[in-house]
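I'm opening the notebook on this one and jotting down what I look up as I go. Annotated sites come before the rest.

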Amino acid sequence: MSRQKQKFIELYQCLRQETPDYPVFPDISLAPFTTFAVGGNADLLLLPRHRRELLRALELCEQLELPLIVLGGGANVLVSDIGIRGVVLSLCGLQDIGWNSRDFLLEAEAGWDMSQISGYSVRQSAAGLHHFYGMPGSLGGAVYMNARCYEGEMSEIVRRVLCIPRQSVPPAREAHADQGGQAEQADKAESFYRPSELRWVELGLGDWHYKYSHFRPDSGHALAGALIVAVELRLREQSQSGLEREMHSFLEDRIVKGHFRAPCGGSFFKNDRAFGAPTGQIIDGLGLKGLRHGGAQLAPWHGNIIINAGRASAGEIWQLSCRIREEVRQRTGFELEPEVQRLGDWQLWDSGH
Ligand SMILES: Cc1cc2nc3c(=O)[nH]c(=O)nc-3n(C[C@H](O)[C@H](O)[C@H](O)COP(=O)(O)OP(=O)(O)OC[C@H]3O[C@@H](n4cnc5c(N)ncnc54)[C@H](O)[C@@H]3O)c2cc1C
């Protein structure tokens, strides 16, 4: 048995010994945890139900030098068919909330579903989150992605984030880094989180860009890859009935646009002002709607939504997206950038096999 496997077993046993019903699942398919409904297995999936369970799992992962991959609501990720070798952590169980009606401040844990928390905020006659009603995913994922829709963007309402910075190197290797240079050898993609480093970080408008936050692992910022545990949002007062009307019109618009007609990850590619038109419109203009590759299809009703049209593999979805990018590059010169994040091992597809 590999050393890594032994560590998974150790982590599993520790968690279950301490908390017999700890939600920890070995060798489990991630497909049901993503809106594309595709993807292979995770070696171990952790679904802590509250902060104490989260922090204990992080502590054990740190001791065992097991890096973590973070999953939110799975609404913007494509998990490889090979799955994820390692520990996957979903914060969807973390849903504590506090409402300060005097200052219109909402503090909520990262696991809140975006529609549910929008509904909650509207019941407090608070505007700002209502734009996101109907958008799949969690609050943590929406911050990470700087999600935006219907003239609303997360950057406009996020005041501070409770997070744990990522350590790229396991603690044991870190201790020897200066002498042996072992830190350099560590895989930079590995993420370890030290519970004692949980802290609030204030963010200003200048910290965000279109579909970008400092939390992205490639941002080069001190927050790159940090684990978002909770968020403080500044909302504004507005009448509940008006907000409810807006909220339902957003949901209706999504239904009409076919967002929920088939498993998908929302817009596959980012928009880019330099293109002069929304990406979906550009792709549509090339007559590509309905294009298929195996079980994957460019939605016949939307130029920027790739759907799992039935038994698609993650590889087929990715290959179809590559084909669309190539067509757009050749015929317009525009370089499309995927918005959907790939998780897991993609070497097989990237090497062209
Ligand atoms: C039908 C449909 C419609 C959509 N419409 C929109 C839209 O209008 N606007 C829009 O912006 N997006 C849209 N999306 C995309 C998606 O809803 C958003 O990007 C959402 O914010 C993703 O959140 P999530 O929790 O599902 O994140 P996931 O998909 O699970 O993860 C996305 C990334 O965030 C990271 N992450 C997640 N949680 C955390 C955390 N707590 N700490 C650190 N990192 C974390 C993950 O590691 C991953 O890299 C749509 C998707 C679908 C399926």
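Is Ser 267 buried or exposed? I counted 22 other C-beta atoms within 10 Å of Ser 267, and the cut-off for buried is 20 or more, so Ser 267 is buried. Note to self: this is a predicted model.

**Entry: the annotated pair**

I went to Ser 267 because the UniProt record, an unreviewed entry, puts the feature "active site" at Ser 267 and Glu 339. The two span 73 residues in sequence, yet their C-alpha atoms are no more than 7.1 Å apart, so they gather at one spot.

I looked up Ser 267 in the secondary structure and found it in strand E17, residues 264–267. Skipping neighbours within four places in sequence, I get contacts from Ser 267 to Asn 304, Ile 305 and Glu 339. The annotated partner is thus on the contact list of Ser 267.

Glu 339 sits in a loop, the one between helix H9 (314–332) and strand E21 (341–343). With 17 other C-beta atoms within 10 Å, Glu 339 comes out as partly exposed. Again leaving out neighbours within four places, Glu 339 is in contact with Asn 76, Lys 211, Ser 267, Phe 268, Phe 269 and Lys 270.

**Entry: the sheet around E17**

Which strands share a sheet with E17? I read the order as E17-E20-E19-E18, an open sheet of four strands with antiparallel pairing. E17 and strand E18 (292–293) are the edges; each has a single partner strand, so one side of each has no neighbour in the sheet.

E17 is joined to strand E20 (residues 305–308) by two bridges, running antiparallel. Ser 267 stands opposite Ile 305 of E20.

**Entry: domains**

I have three domains written down: domain 1 is 3–93, domain 2 is 97–164 + 196–241, and domain 3 is 260–350. The C-alpha centres of domain 1 and domain 2 are 24 Å apart. Between these two, nine residues of domain 1 are in contact with ten of domain 2. On the domain 1 side I get four nonpolar residues, five polar and no charged.

**Entry: core**

The largest nonpolar core has 92 residues. Which members touch the most others? I noted Leu 139, Val 143, Ile 228, Val 231, Ile 306 and Ile 317. I followed up Ile 317: beyond four places in sequence, it is in contact with Phe 36, Val 38, Leu 78, Ala 296, Ile 306, Asn 308 and Ala 312. Ile 306, itself on the list of top members, is one of those contacts of Ile 317.

**Entry: a hairpin**

Strands E6 (residues 97–100) and E7 (residues 105–109) pair antiparallel over four bridges. I find Trp 99 opposite Leu 106 in E7. Four residues lie between the strands, and in this hairpin Phe 104 has a positive phi near 55°.

**Entry: other positive phi values**

Most residues other than glycine have a negative phi, so I checked for exceptions. Glu 65 has phi near 55°. I place Glu 65 in the loop between helix H2 (51–64) and strand E3 (68–71). Glu 65 is partly exposed, with 17 other C-beta atoms within 10 Å.

Arg 311 also has a positive phi, about 55°, though it is not a glycine. I place Arg 311 in the loop between E20 and H9. With 11 other C-beta atoms within 10 Å, Arg 311 is exposed.

Terms used
Residues are numbered from 1 along each chain as its sequence is written. This is a predicted model: local features need pLDDT of at least 70, side-chain atom pairs count only at pLDDT 80 or more; totals for chains, interfaces and linings use all residues. A nonpolar core is a set of buried Ala, Val, Leu, Ile, Met, Phe, Trp, Tyr and Cys residues joined through C-beta atoms within 7 Å. A residue is buried if 20 or more other C-beta atoms lie within 10 Å of its own, exposed if 12 or fewer, and partly exposed in between; C-beta atoms are placed from the backbone. Two residues are in contact if their C-beta atoms, placed from the backbone, lie within 7 Å. Domain bounds come from an automatic or database domain assignment. Ala, Val, Leu, Ile, Met, Phe, Trp, Tyr, Cys and Pro count as nonpolar, Asp, Glu, Lys and Arg as charged, and the others, Gly among them, as polar. UniProt positions are given in the numbering used here, feature names are shortened, and annotations may be inferred rather than shown by experiment. Two strands pair if DSSP finds at least two bridges between them.
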